[in-house]
Amino acid sequence: MATILKGAPVVAAMNEHNAALCEQLKAKGVLPTLAVVRVGEREDDLSYERGVMTRCGKVGVKVKQYLLPADAQQEQLLEVIRQINKDDSIHGCLLFRPLPKQFDDTTVRAALAPEKDIDGITDASLAGVFTNTELGYPPCTAQACLEILKYYGVPLSGKRAVVVGRSLVVGKPAAMMLDRENATVTLCNSRTRDLPAVCKEADVVVVAMGRMGAVGADCLRAGQTVVDVGIHVNEEGRLCGDVQFAAAEPVVDAITPVPGGVGTVTTSVLVGHVVAAAAKKAELL
Ligand code: NAP
C-alpha cells in the first residue's frame, strides 16, 4: 500500500503561511491584489478562476477581474496589460491561455511586467527558473510538484528523478527545480525509447504527459514516489491522471491522487506568488 500524497495538508500549510503574510501586509496598509485577465468564456478557464477566487478570499487577497469578449483584438488586451503593469495597487496578473487565435501569444506574454508574472508565463520567469534567481515566478504547476515532495519530506538530493513531458509550463521547469534540489534528472519526451525502463530507474517519477492512464505498473517499481500531473475526465465522467492509479498504488511507495493532488496545490502556489509579490514590493521579504 502506497502512502497517498494528498494535496490538502500541503494547501493548509501554504494557506496558513500566506494568510499570516497577508496580515503583516495589511498592518503596513497593503492589500495583496491579483488581476485576473480572461478573454472569452472557456469552461476550464471559468472553473480555474472560481478556484482561484475562493482561495484568494480565504487568505485575504483581493481579485480584480478584467474580462474581454472572445472576439477582442490584440491591442485591447495589450492595453489592459499595460494598465495592470502601471497600477501600483496590483501585485500579480493571471492571464488565461491559450488565447483565441487572433492573438500572438509571444507578443502578449512579453507585454507583462515580470515582477507581476505570478503564473510564470514570461521569458524572464523561465530564465529565473533556469538561473535560480529571483526573476519573475516559476510556473505554478511545476512548483506545486516540488511543494508536495518537500512537504512530505521525499528525499531528492542525490536521487534519480524522471520527468515525463517537457512542456514549458510543467515538465521543463519541474526538471530544473528537481535539479536545483540536487536530484539527477532525466527529462523524457514522446520519442524517448523504452519509457518503462527509463521510469523504473527513477526514485521520483513526475508524469506530465497529457495522456490519460499512459503510465501503468509496467513503468513502476517498489521504492518509488510518483507525482501525477495529468488531469482528464474518463468515460464515466470522473477525473483521473496520466498514471493508472489503481495499478500503480499497490506497486510504489508513495503517489499523488487525481483529483486531490497536484491540481489542488497549484492554486495555492499562485496565491502564494501574489502575496510574495506584494511582500517584496513592501520590502517584507
Ligand atoms: P503538453 O504541453 O501536451 O506536453 C505533453 C508532454 O508529454 C510533451 O512534452 C510530450 O512530448 C510528452 N509526451 C507525450 N507522449 C509521450 C510519451 N509517450 N512518452 C514520453 N513523453 C510523452 O502537456 P502539459 O501542458 O505539460 O500538461 C500535461 C498534463 O498535465 C495534462 O494532462 C494537463 O491537463 C495537466 N496539467 C495539470 C495541471 C495541474 O494543475 N494539475 C496544470 C497544467 C497541466 P513531445 O514534446 O515530444 O511532444
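Reader: What makes Arg-42 and Asp-44 a salt bridge?

Author: This is a predicted model. In it, the side chains of Arg-42 and Asp-44 meet with N and O 3.0 Å apart. The cut-off is 4 Å between a side-chain nitrogen of Lys or Arg and a carboxyl oxygen of Asp or Glu, so the pair counts as a salt bridge.

Reader: Why is Arg-42 called partly exposed?

Author: Its relative accessibility is 33%. Buried means under 20% and exposed means over 50%. Arg-42 falls in between, so the label is partly exposed. Asp-44, at 48%, is partly exposed too.

Reader: How do you know that Arg-109 is buried, and what is Asp-105?

Author: Arg-109 has a relative accessible area of 14%. That is under 20%, so Arg-109 is buried. Asp-105 has 26% and counts as partly exposed.

Reader: What makes Arg-109 and Asp-105 partners, and how are they placed in helix H4?

Author: Their closest N and O atoms are 3.2 Å apart. That is within 4 Å, so they form a salt bridge. Both sit in helix H4 (residues 105-111), four residues apart, which means a separation of about one helical turn.

Reader: Which parts of the chain does the pair Arg-160 and Glu-201 link?

Author: Arg-160 forms a salt bridge with Glu-201, with the closest N and O atoms 3.0 Å apart. The pair links distant parts of the chain, 41 residues apart. Arg-160 is in strand E5 (residues 160-164), while Glu-201 is in the loop between helix H8 (195-200) and strand E7 (204-207). Salt bridges that share partners also join Arg-97, Asp-105, Arg-109 and Asp-123 into one network. The structure holds 17 salt bridges.

Reader: Why is Val-233 called exposed?

Author: Its relative accessible area is 55%. The mark for exposed is over 50%, so Val-233 qualifies. Val-233 lies in strand E9 (residues 232-233). With Ile-231 and Leu-239, Val-233 forms a nonpolar patch on the surface. Together the three have about 290 Å² of accessible area.

Reader: What makes the approach of Arg-211 to the ligand a polar contact?

Author: An N or O atom in the side chain of Arg-211 is 3.2 Å from a nitrogen atom of the ligand. The limit is 3.5 Å, so this is a polar contact. The protein buries 70% of the 940 Å² that the ligand exposes when taken alone. A backbone N or O atom of Met-209 lies 3.4 Å from a ligand oxygen atom, so that pair passes as well.

Reader: Which classes of residue make up the shell around the ligand?

Author: Nine are nonpolar, ten polar and three charged. Helix H10 (residues 262-281) gives the largest share, three residues.

Conventions. Residues numbered from 1 in each chain as written. Predicted model: local features only at pLDDT ≥ 70, side-chain atom pairs only at ≥ 80, totals over all residues. Heavy atoms only, no water. Patch = residues over 30% accessible without salt bridge, like charges linked within 9 Å, V, L, I, M, F, W, Y side chains within 5 Å. Areas by Shrake-Rupley, 256 points an atom, 1.4 Å probe, with all protein chains shown as cover. Helix = DSSP H or I, 4+ residues; strand = E, 2+ residues; numbered from the N terminus. Buried < 20%, exposed > 50% of the residue type's maximum accessible area, 1.4 Å probe, protein only. Polar contact = N/O pair within 3.5 Å; in protein donor to acceptor, adjacent residues only side chain to side chain. Nonpolar A, V, L, I, M, F, W, Y, C, P; charged D, E, K, R; others polar.
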